[in-house]
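Ready for some practice in reading a protein model? Look over the sequence and structure below, then try each task before you turn to its solution.

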Amino acid sequence: MYKDSIEFCDFSTDEVEAYSKSMPTIFKDNIDIDKTAILNWRIDEFTTQRRQLVVMGDAFFSAAYNLLNQCLNDNHDKKADAWIFPIMFNIVHGIEIYLKGIIMCISIVTGNEIKKPEGAHNIKQLSQTAKKYILKYKTTNKNDTTDQMWTAIKVVEKFIDNIYDKTSDMTFARYPMDKQFVGHFYIQLKENVSIDLELLHKQIIIVYKMLNFIFDVPELEVELTEQMLSDLYY
């Protein structure tokens, strides 16, 4: 087991007894601001829901990226064999909510705003829906930028396809078994089921950059339109 495992952390038996009677809430400031996480610092009620999704998507990608970096910098304790699950979960969920933000944004500039993108947690379906909206946007805005958006979504789609080649059940990184309590693909196989960490690191940077780019293009158009309307009426 890797040296920084929670299994090796010491704790006070006195606190066990105290916590069994009353446990202080974690939802409070620490005396040290650098040891405090503020949930609504980057997103709040004044942030659009599409932007909220993208900001949270950034967070999931960032967590995956930093965990990967730690594994690549030092994996002699084989921490990657355990951390790969939260890494893959963060990547898959980051893709999911980024695609939802993209669909919501492009639906505005194409004149058919939707509040709840179809696809639930199915990132393959969400990528196909996003692709459909990008094509519609590209058809009415023929330029190099929309061509690049089309290329970008195909890159994201290829990454998703590689995952779906192994499994269509995106709970594979959250549970060892599916809803029927049948082990996921890596449980079923006797041989090692491996992930190339260097290649994953390289690909998620590109996938993240593509998702961010696809969102930013229509988002800028929305913001400019809103600004023009604001200048017109105020």
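## Two loops and their backbone

**Exercise 1.** Find where Lys78 sits, and describe its phi angle.

*Solution.* Start with the place: Lys78 belongs to the loop between α2 (49–73) and α3. Keep in mind that this is a predicted model. Next, look at the backbone: phi of Lys78 is near 60°, which is a positive value in a residue other than glycine.

**Exercise 2.** Locate Phe181, give its phi, and decide whether Phe181 is buried or exposed.

*Solution.* First, Phe181 is found in the loop between α5 and α6. Second, its phi is near 60°, again positive in a residue that is not glycine. Third, use the cut-off: a residue is exposed when its relative accessible area is over 50%. Phe181 has 68% relative accessibility, so Phe181 is exposed.

## A helix

**Exercise 3.** Compare the reach of α2 with the expected span, then name some of its buried residues.

*Solution.* Begin by counting: α2 has 25 residues. The expected span is 1.5 Å times one less than the number of residues, and for α2 this comes to 36 Å. From first C-alpha to last, α2 reaches 36 Å, close to that expectation. Now turn to its buried residues, which include Val54, Phe61, Leu68 and Cys71. A helpful rule here is that an α-helix has 3.6 residues a turn, so residues three or four places apart point the same way.

## Cysteines

**Exercise 4.** Work out why Cys9 forms no disulfide, and say how exposed Cys9 and Cys105 are.

*Solution.* A disulfide needs two cysteine sulfur atoms within 2.5 Å. The closest cysteine sulfur to that of Cys9 is in Cys71, 17 Å away, so the two are too far apart for a bond. For the model, the count of disulfides is zero. As for exposure, Cys9 is partly exposed because its relative accessible area is 48%, whereas Cys105, at 0%, is buried.

## The largest pocket

**Exercise 5.** Describe the largest pocket: its volume, its lining and the helices that contribute.

*Solution.* Take the volume first: the largest pocket holds about 770 Å³ of space. Its lining has 23 residues, and those closest to the centre are Ile84, Met88, Ser194, Ile195 and Asp196. Then trace the helices: α3 (80–109), α5 (144–164), α6 (185–188) and α7 (197–233) each give at least two lining residues. The largest share, five residues, comes from α3. Finally, sort the lining by chemistry: 15 residues are nonpolar, five polar and three charged.

Conventions:
Residues are numbered from 1 along each chain as its sequence is written. This is a predicted model: local features need pLDDT of at least 70, side-chain atom pairs count only at pLDDT 80 or more; totals for chains, interfaces and linings use all residues. Side-chain values use heavy atoms; hydrogens and water are left out. On a 1 Å grid over the protein atoms alone, a cavity is a set of points where a 1.4 Å probe fits but cannot get out, and a pocket is an open set with protein on both sides within 12 Å along at least five of seven lines; lining residues have an atom within 4 Å of a point. Grid points are joined across faces, edges and corners, and a volume is the space filled by probe spheres set on the points. Helices (H or I, at least four residues) and strands (E, at least two) are DSSP runs, numbered from the N terminus. Ala, Val, Leu, Ile, Met, Phe, Trp, Tyr, Cys and Pro count as nonpolar, Asp, Glu, Lys and Arg as charged, and the others, Gly among them, as polar. Buried means under 20% relative accessible area, exposed over 50%, partly exposed in between (1.4 Å probe, protein chains only).
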